[in-house]
Amino acid sequence: MTNMISLQFCKFSFLLHKRHFTTTLKIGQNVINVFDRKAKLIQKSRASNIENFVVYDYLKEEVGWRVADRILDINRKFKNVVDLGCGRGYISRHILADSVENLIMCDMSNSTLEQASLPETGVNVSKQVVNEEELPFEEDSLDLVVSSLTLHWVNDLPSTFKQVIRCLKKDGAFMGALFGGDTLYELRSSLQLADSERLGGLASHISPFTLINDIGGLLSQAGFTLLTMDTDELLIGYPSMFELIWDLKESYIVKNVIMFEQNKVY
């Protein structure tokens, strides 16, 4: 019997007009660190050494292609573009020279960045190790920022959005996709039932995701305008829970999806 698992992700694109918008950044203040970024870096570096990574990258490949397709919807050529959290180049490999002139591929893991696929010939490419929580780009220096399935690991998402808008020019654009709040709800529900039955209570096994309704609000507060958002849901079948966990572990999509304690769930 095949079990179906839901993966919900929100695709967004925003055009920016900030002639009358200013923002003051206070990075790292009053922020609860839900995710250990150092542990995340270690995990991404470990995952970059997996020889058969193509077996586990099917979801990131699909979503990256969908985000790249959005770039073609805008009838202009972007001069300076950043692929934030590029991974193995899931967006970049689909970028065309007709749409992008200069591309900066960024990831927090240098070993992952070295494996990233390049776009077609004609696009000027550079690679840079960048923490998504601390963007190093100058103000008003970018025409487009894209990101696919990486921002759900950011502890202070509003701060990252404000940093993006600071880096973008007044007519810049921000496009991306991240997991929504209902992702893996079948797995989450199953583990909660198991906890309740065996332990008489609930424990956290799956990392939290941002609710779809909150994403638009956060970006509006950051100063983005002309918002376009939609939600896609992918249903993927697995023989059992354990094959799903293995996929998530090897693809580093959701770290600590299962945080088992001794004698917790079997």
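I started at Leu144: leaving aside neighbours within four places in sequence, Leu144 is in contact (heavy atoms within 4.5 Å) with Ile71, Phe78, Asn80, Val81, Val82, Leu168, Ala173, Phe174 and Met175. Note to self: this is a predicted model, where local features need pLDDT of at least 70, side-chain atom pairs count only at pLDDT 80 or more, and totals for chains, interfaces and linings use all residues. Residues are numbered from 1 along each chain as its sequence is written, and side-chain values use heavy atoms, with hydrogens and water left out.

**Cores**

Next I looked up the largest nonpolar core (buried Ala, Val, Leu, Ile, Met, Phe, Trp, Tyr and Cys joined through side-chain atoms within 4.5 Å; buried is under 20% relative accessible area with a 1.4 Å probe, protein chains only). Of its 34 residues, Ile71, Leu103 and Leu144 touch the most other members. The elements giving two or more residues to this core include H2, S2 (78-84), S3 (100-107) and H7 (241-251). I have H2 down as giving the most to this core, five residues. Apart from this core lies another, of 23 residues, with Cys106, Leu151, Phe161 and Leu219 among them.

**Helix H4**

I checked H4 (residues 157-167); helices are DSSP runs of H or I with at least four residues, strands are E runs with at least two, and both are numbered from the N terminus. Eight of the eleven residues of H4 are buried, so this helix is largely enclosed by the rest of the structure. Among those buried are Leu157, Phe161, Gln163 and Cys167. The cover over them includes strand S5 (142-148), strand S6 (168-179) and helix H6 (212-222).

**Asp57**

Then I went to Asp57, in the loop between helix H1 (37-47) and helix H2 (58-71). Buried or exposed? Asp57 is buried, with a relative accessible area of 3%. I found a polar contact (N or O atoms within 3.5 Å, one able to donate a hydrogen and the other to accept it; residues adjacent in sequence count only if both atoms are side-chain atoms) of 2.9 Å between the side chains of Asp57 and Tyr90. Not counting residues up to four places away in sequence, Asp57 touches Arg88 and Tyr90.

**Whole chain**

Last, I took the overall numbers. The protein chain has seven helices and seven strands, in the order β-α-α-β-β-α-β-β-α-β-α-α-β-α from the N terminus on. Of its 266 residues, 50% count as buried. Of the contacts in the chain with a separation of 6 or more, 77% come from residues 24 or more positions apart.
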